[in-house]
Amino acid sequence: EPFVADEYIERLAWRTPGGGSRGGEAFDPKRLLEEFVNHIQELQVMDERIQRKVEKLEQQCQKEAKEFAKKVQELQKSNQVAFQHFQELDEHISYVATKVCHLGDQLEGVNTPRQRAVEAQKLMKYFNEFLDGELKSDVFTNSEKIKEAADIIQKLHLIAQELPFDSLMGFCCYPLCFPGKYHDLECQLIQEFTSAQRRGEISRMREVAAVLLHFKGYSHCVDVYIKQCQEGAFLRNDVFEDAAILCQRVNKQVGEIFSNPETVLAKLIQNIFEVKLQSYVKDQLEEHRKSDAEQYLKNLYDLYTRTTNLSSKLMEFNLGTDKQTFLSKLIKAIFISYLENYIEVEIGYLKSRSAMILQRYYDSKNHQKRSIGTGGIQDLKERLRQRTNLPLGPSIDTHGETFLSQDVVVNLLQETKQAFERCHRLSDPSDLPKNAFRIFSMLVEFLCTEHIDYALETGLAGIPSSDSKNANLYFLDVVHQANTIFHLFDKQFNDHLMPLISSSPKLSECLQKKKDIIEQMEVKLDMGIDTLNCMIGQMKHILAAEQKKTDFKPEDENNVLIQYTNACVKVCGYVRKQVEKIRNSMDGKNVDTVLMEFGVRFHRLIYEHLQQYSYSCMGGMLAICDVAEYRKCAKDFKIALVLQLFDTLHALCNLLVVAPDNLKQVCSGEQLANLDKNILHSFVQLRVDYRSARLARHFS
């Protein structure tokens, strides 16, 4: 521990008797002083002893340092001597190595010609045997030395080819070049390779293939290997899976046999595509090409997809430098005759299939499609602008049928979806946007024009006139279904068409076509605003049939038991149903727009209706109750303007019951202050007591 003088003194005093108050002992300073003096003397003696020891150790350390330095100097001298000896030895080794290399070069210069001479002597010996026509050497008669025989025959063959044919030697060696021993041995090697492959002897196959590599029949050896690999490989119904399994197996094996495995594997794949797959594809497609377009397109899409999937699996193997181009050419060679006119078959099938779906639906409804003109859009737009009540033409009784079917739409969209998928897979990238646009045009023609637009036209023609009694307003059902269908159409546009045309000029063309369709349908939906006229007409019939003059001028003022009139109850019930129907039939801002128009017409109808009666005091109270109920009904519209109109109408009805002295005060209230005085006067005139001089005086 670190030395602390204060603590040391405290411990010394504590151990000394009389050095503290411990155990009741008295403090003895003399004894403590004596102890301190003695202890100081002991410390001085100890210090002198330690100092002598330190000096002795320092002297010893200096002596050893001198001896170590002397030893280091001696080692440095020894090291310099050893380094000099090493340099001398290195120079001597380099000199000896140079002499050895020179001697080796001289020996090689002598041995190489000697080996060549020996080799030439052997070849000449074998050459003489060929000239004599008797092959006596063991290398030719022993079947186990076929490898050595092949090497000799190959060399003799090359020599014979280099000799001019018009010389004697060339004439004699000519048989070696063609139908002689060369070809016999080549066939024998190929047969040996075939037998080894059947036995599964990879090492023997590798040896024979290495020998045949320098023969003309090497390619035939590869062909034999490819042919035998496929024996028994295509036994199942799935030729694509069989091909993938075969290529995986061969890929593991071919590197152990051939020196150029990528070339052999590529040749196997080419053979599979050009023979097995091409014949399989032809059998599958030609069967339905002219008789069944639907099955033909399904088979074409399925086969092309499975072929490209197989190609993706084969991309994992080493097939050379540009394997992508190699596999693409193989696929193109199989399908080129089918892909050239694919889009024409697709459009023809889609057109006939869509027409059949629509016709089947109309036949199920026992409906004969009418030819409804579509050229009067501009005239009807002008009519909408002027908000006139011109008739639409001869009314058609649809018997409540909207002529829109979710099943038909789903079938058409499903057929088009499959067509888009086939188009994406089978079209050339340069033709993809153009082909996708043609499919989209078919969808527009049959779904939007032949189905939705026809239903809207029929629905418009079926709208009854405003003075019809008990008219059924089915057009809102048409609007509701058309709206739902168009959402499905728009979803398919975004999900399946956009990815195919997003980066091409066809995008703007498709968007414009879609915009034109929307505008055309919106115009016809706006034309259906005449449905509101029919609603108002129904409400007029209800008011005319149910409202009585005595409702607002009862004979017994003191015996009125109803809270609001029967006409009010029926009108409010009818309005609430129509509001709910409008909300269910439309979405977005269209709901608010139509409800605002309906609410304004509803207010005008009630306002004009109230102007037709005279009101007693109790009748005025009943009118106020009716308007209050109408106002509750107006809240369902959730349109601020409509509610404001009915609030003002409710305030106007107060003029029917207010005391004559308070008329001016009520007219100057917040809700009536901004109204024209003639409007206020017209309501006051409806009071039965208006003719009294007192009322006329207060209102003047």
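Is Thr308 buried or exposed? At 15% relative accessibility, Thr308 counts as buried, where buried means under 20% relative accessible area, exposed means over 50%, and partly exposed lies in between (1.4 Å probe, protein chains only). The legends below refer to a predicted model, in which local features need pLDDT of at least 70, side-chain atom pairs count only at pLDDT 80 or more, and totals for chains, interfaces and linings use all residues. Residues are numbered from 1 along each chain as its sequence is written, and side-chain values use heavy atoms, with hydrogens and water left out.

**Figure 1. Overview of the protein and its helices.** The protein has 26 helices and 0 strands; helices (H or I, at least four residues) and strands (E, at least two) are DSSP runs, numbered from the N terminus. Of its 700 residues, 38% count as buried. Contact means heavy atoms within 4.5 Å. Among contacts between residues at least 6 apart in sequence, 74% join residues at least 24 apart.

**Figure 2. Surroundings of Thr308 in helix 11.** Thr308 is in contact with Ile331 and Arg425, when its neighbours within four places in sequence are left aside. The burial of Thr308 corresponds to the 15% relative accessibility given above.

**Figure 3. Salt bridge between Lys267 and Asp223.** A salt bridge is a side-chain nitrogen of Lys or Arg within 4 Å of a carboxyl oxygen of Asp or Glu. By this rule the count comes to 19 salt bridges. In the pair shown, the N to O distance is 2.9 Å. The two residues link distant parts of the chain, with Lys267 in helix 10 (residues 261-286) and Asp223 in helix 8 (residues 218-229), 44 residues apart. Lys267 is partly exposed at 33% relative accessibility, and Asp223 is partly exposed at 34%.

**Figure 4. Ile226 in helix 8.** Ile226 has a relative accessibility of 4% and therefore counts as buried. Leaving aside neighbours within four places in sequence, Ile226 is in contact with Val264, Lys267, Leu268 and Asn271. Lys267 also takes part in the salt bridge with Asp223. The C-alpha atoms of Ile226 and Leu265 are separated by 8.7 Å, and these residues are 39 apart along the chain.

**Figure 5. Salt bridge between Lys313 and Glu241.** The N to O distance in this pair is 3.7 Å. Lys313 lies in helix 11 (residues 293-314) and Glu241 in helix 9 (residues 239-257), so that the pair, 72 residues apart, links distant parts of the chain. Lys313 has 38% relative accessibility and counts as partly exposed. Glu241 is partly exposed as well, with a relative accessible area of 30%.**Figure 6. Network of salt bridges linking Asp238, Asp302 and Arg306.** Within this network, the closest N and O atoms of Arg306 and Asp302 are 3.6 Å apart. Arg306 and Asp302 both lie in helix 11, 4 residues apart, about one turn of the helix. Arg306 counts as partly exposed at 24% relative accessibility. Asp302 is partly exposed, with a relative accessible area of 35%.

**Figure 7. Packing of helix 16 and helix 17.** Two packed helices are described by the angle between their axes and the distance between the axes. Axes are lines fitted to C-alpha atoms, for helices over the stretch in contact, and angles run from 0 to 180 degrees between N-to-C directions. Helix 16 (residues 432-461) and helix 17 (residues 475-501) pack at about 175 degrees, with their axes 11 Å apart. This makes helix 16 roughly antiparallel to helix 17; angles under 35 degrees count as roughly parallel, over 145 as roughly antiparallel, 65 to 115 as roughly perpendicular and the rest as oblique. By class, the contact of helix 16 with helix 17 has 21 nonpolar, 2 polar and no charged residues. Ala, Val, Leu, Ile, Met, Phe, Trp, Tyr, Cys and Pro count as nonpolar, Asp, Glu, Lys and Arg as charged, and the others, Gly among them, as polar.

**Figure 8. Packing of helix 20 and helix 22.** The axes of helix 20 (residues 566-585) and helix 22 (residues 617-635) come within 10 Å and cross at roughly 5 degrees. The two helices are therefore roughly parallel to each other. Helix 20 contributes Ala567, Cys568, Val571, Cys572, Val575 and Arg576 to the contact, and helix 22 contributes Asp626, Glu629, Tyr630, Lys632 and Cys633. The residues of this contact divide into 7 nonpolar, no polar and 4 charged.

**Figure 9. The stretch annotated as "coiled-coil region" at residues 40-78.** The annotation comes from an unreviewed UniProt entry. UniProt positions are given in the numbering used here, feature names are shortened, and annotations may be inferred rather than shown by experiment. Over residues 40-78 the chain is 100% helix and 0% strand, and the end C-alpha atoms are 57 Å apart.
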